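Work through the exercises below with the coordinates loaded. Each task is followed by a stepwise solution.

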Amino acid sequence: MAELLRGRASRIRLEPPGPAGAGIEFELEADDGTWCEQVKDVPSKGPWTLDAAGKILKAVTGHLAEGKKVRLVLSTGAPELHDLAQRARAAETFAEFEGIITKAQLPQFVQVLGNWSVNGRPVGREVGWRYLQAVHVEHIPPEALRRLVVSEYELLFVGDPEVIVRQLSGYLDEHLHQRLTGSQIRSHLLTVPGVRPRLLVGDTGTLTALAGTVERFVRRVRRDRPVFGMAARPHVEQLYERLVAEDSPQIVVCEGGAGLGKSAVVTDVLVRLTEQGWPAAAVRMDGADAGVQTAKDLGTKMTLPDSPAVLLAGVAAEAPALLVIDQLDAVSTYNGRMSDAYEAVEDVLAQLVTVPNVKVLLVARTADIDNDRRLSRLVADHARTARFPLSVLDLEQVRAVLSDGGTDADGLGSVTVELLRTPLHLSIFSRLSPSARAASYRTLQELYARYTDERREEIERQVAALDWRGITGTLCASMSERETLQAPVALLDGFARQHIKVLESHGVLVRDGEQIGFFHETYFDFLFARSFISTGEDIHDFLASSGQYLFRRAQTRQILEHLAGTDPERFRATVARLLGSDRIRPHLQDVIIAVLGQLDAALPEWQAIEPIAWGQAPVAGKVRGLLALPQWFDASDHDQRWERWLGTPQTADAAFPELLAVAQHRPARVAELVRPYVGTTPQWGQRLLRLIEWALTPDLIDLAVHLVESGHADEVRGPIAVNSDFWSLLYGLAETAPSSAARLVGAYLQRHLVRARADGSGDPFESGHLSTHSQVADTVLSQIAKAEPEAYVNQVLPFVIDVATAGSTRRTDAYDPGGRWAYRHVGGRGVDAALLASLDTALRSLAANSPPAAADALQRLTPSLVHELRFLTCRLYAVMNQADEAIAWLLTDERNLSLGWLDSARWASRELIEATTPHCSDETLERLTATLLDFYPAWERRRQRGQRSAWGWSQYELLSAIFPPRRSDAIRRRLAEWSASSLATSRRRRHQSRAGLSAPRSVTMQPGT
């Protein structure tokens, strides 16, 4: 209906009679075609399945056949139909649709097609795709739909939207089945008392009022900038581009930690867009109070005649406009200031649902977004909302800014420079005197203390008898009591106006209309905490008697942080009392735990709260949770505490989760604590497995190896995924600490070899103690072998030798293929194949990186007659630069001339000849030549009936590997004979197609062969 009133549609017809109304409630003739619409509210059914939606789809077949569009508005949604229709519209052709439809959606598409037929004949797949493109499914819960309707009429008319909706409903009931135009409906509504059209386009009064909100917002933010400038930040340009982009979502949330300069970045973008002609409005929510509950209330707070959403939508028409809502954390449930006022923000956003040209820029702290369910829901709507996170200033930029201001960054120390990467802290630092800027600061509280002392001294030199304590104390007390961040200016009428003005001129106080407050909420918190502590008040009694609403969270944090820095003994006593009291609410105890978590704790801090950690209070588990932090673990690790906790059944279960969490930070100490419990009880067995699975680091490898070797970790596996295995456990370690990972691999392989032997097998893969299946083993083993080849060889080679040798004992001839790795494929799959392939990689790497280690490996391999081990020997000799020794080994047994892969049976042998013949002695080359000229393997001599002859192929393959310049006349003649032979050519082509002269995928042919 709103589309009709806006002129985007020409006519509407409710409940058309006969076939025209089949399956729909009304028909709308819009600019982009005719829409047939149906609204269903059946909450008891839950989301609509394809079966349930099928009745509606069948009823609207005639409309789809006529080329009309169908919109289904469902209170519980129809996700399967919605996603299927979306995918149909994403495709420009039916062929493209068939290419992008998922496997799961294909049967759904077939099911939907079953609902459509024309003249009794089912529609084809391409026609069904076009029908599906015209089906639009919208999920709008009843309350959201009601709010949407109300918002639409607020944008169109001045007057009570509820009255307008009732009048419109009655009018439509009286005109069922009739075609109505927008002018007819508008004329009727304007007869309702108090209703008139909202005509805001070009209205100078409204534009001026909106511009006033921007002017006040910009003036306040820019007044607080550092005196010697800010570091250049890329965020302004990036945020600007995000807002003006055609595909930009309507809502962008600029977020970050406290003091990151969010307001400054947003202000620069706001000014840039208004200079380009965008109508805009801006508001800070830290000035809101409990009376701000609706969009209109927010407009009143901004000194506007109506909701900022309504006014911006009206003056912008369909041109772009911007609404900035800053300090959103002030109305979050996490920060605890005025959380009820967020309803006004929700109301504004609801009004703008149908006005996508009005962009909304929200500003909030990330912690509030993540901990306030309302804000979390807002940013979870990715179709409408995008997050724009800010980061701290670049370190070098801060150093440059300090240098420009005359401050030596190196003299400040790294802690202070890091502190100043937060723009608010840099702003405060820049306001200090030159001598104060030469000092170091650890915290914002220290900065505020120095700032306060200097500002007071400076103002008191200008104004006699300045009542700093009275003015700031009055403000703090009022703001704390009223739980707001501003107070009425009239509150300070008892103080000299000159004093108030000088505090404003120095940026301590900030006036906003008839309200006044401090320049930043953290400064209010600082002053409140300082005043509270100086008067000797008890925070426990204050909180217990104050109602403990969310507003108290920030005050509690500031008081405790101030105490921790100024009076540690009182801090410890205060924290212990607050945590042990049943009069303090959990949400405030959470703040206390958070403050403790940021503390550089020592033994006295732990001693203060230790009784609570092991007591019966509800907060005990959260206090123990501090032990998961490295500083608290260290603070508690005195006087055999951890030994006692772990050694007592009543405390071991409670203490171990924290030990598990801290293990990655203190692995050596954790290993020392748990080692006495290896092999003690089933409960400790499970704990130790969890430790290795969840917290494995290089410093825990000794413990892990011990557990594996002793048989206490046979089933160890990576955490989280249901299909994880032992190799998943090493996925990260293989990259960060490959040498440690190799040790654990070796222990794991040897342990399962021991298990296999105990069951009468020499092959743990064959016995089932090791699986050949893994999704990550090849990656893990390859990473270790490449990064630490020597460690990999030391750990894996003994296992491979043992398993290959054991496999050979079952054969009549130990050299014949048939063992675990006898039938090798280049790039073969499986854990066993990955072990051998990575061992091959590591061995060949040793030749270049560690020749002594490579020589040692050769010494272990060369005596073996086992086929797989001779293959590794051949591969290693090919890269060892020991030409005469390599060929001498090759000629010790004719079977060494047939080493390779399943699809290229002599390629390793050929590779060795290719690598050594350029460098071997003449005598060695002559011996090799004589052997090869007389080389005809037995299989070539045994030709079966009906098979083509392979006579001479092996000889040709190996002879052609000899370095061409050193080939003898006999070799050249023999190769020429084979080259001239058509039979040889045929054999060569046939064998090449199987992988003869074609190198394996990991090997490259050399020139001249």
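## Exercise 1: Overall form

Of the 1009 residues in the chain, 53% are buried. The model is a predicted one.

Task: Determine how the radius of gyration of the chain stands against the globule rule.

Solution.
1. For 1009 residues the globule rule gives 30 Å.
2. The chain has a radius of gyration of 40 Å, well over that value, so it is more spread out than a compact globule.
3. The C-alpha trace spans about 115 × 90 × 60 Å along its principal axes.
4. The secondary structure consists of 54 helices and 18 strands.
5. Of the contacts between residues at least 6 apart in sequence, 69% join residues at least 24 apart.

## Exercise 2: The buried side of a helix

Task: Find the buried residues of helix α10 (residues 182–189) and state how they are placed around the axis.

Solution.
1. Gly182, Ile185 and Leu189 are the buried residues of α10.
2. They cover an arc of only 70° around the axis, which puts them on the same side of α10.
3. The spacing fits a general rule: an α-helix has 3.6 residues a turn, so residues three or four places apart point the same way.
4. The cover over these buried residues includes helices α1 (2–5) and α9 (161–173), along with strands β1 (9–14), β8 (157–158) and β9 (179–181).

## Exercise 3: A buried arginine

Task: Establish which polar partner the side chain of Arg384 has.

Solution.
1. Arg384 lies in the loop between α18 (373–380) and β15 (385–389).
2. Arg384 is buried and has no salt bridge. The nearest side chain of opposite charge is that of Asp381, 5.6 Å away; the cut-off for a salt bridge is 4 Å.
3. A polar contact of 2.9 Å joins the side chain of Arg384 to the side chain of Gln250.
4. Beyond four places in sequence, the residues in contact with Arg384 are Pro249, Gln250, Ile251, Leu349, Leu352 and Val353.

## Exercise 4: Salt bridges

Task: From the 55 salt bridges in the whole structure, describe a pair within a helix and a pair that links distant parts of the chain.

Solution.
1. Arg455 and Glu458 form a salt bridge, with the closest N and O atoms 2.7 Å apart.
2. Being 3 residues apart in helix α23 (residues 444–462), Arg455 and Glu458 are separated by about one helical turn.
3. Arg455 is buried at 7% relative accessible area, while Glu458 is partly exposed at 27%.
4. Asp370 and Arg387 meet in a salt bridge of 3.3 Å, N to O.
5. This pair links distant parts of the chain, with Asp370 in helix α17 (residues 366–371) and Arg387 in strand β15, 17 residues apart.

Terms used
Residues numbered from 1 in each chain as written. Predicted model: local features only at pLDDT ≥ 70, side-chain atom pairs only at ≥ 80, totals over all residues. Heavy atoms only, no water. Buried < 20%, exposed > 50% of the residue type's maximum accessible area, 1.4 Å probe, protein only. Helix = DSSP H or I, 4+ residues; strand = E, 2+ residues; numbered from the N terminus. Arc of directions from axis to C-beta. Contact = heavy atoms within 4.5 Å. Lys, Arg positive; Asp, Glu negative; His and termini not counted. Polar contact = N/O pair within 3.5 Å; in protein donor to acceptor, adjacent residues only side chain to side chain. Rg over C-alpha atoms; globule rule 2.2 N^0.38 Å.
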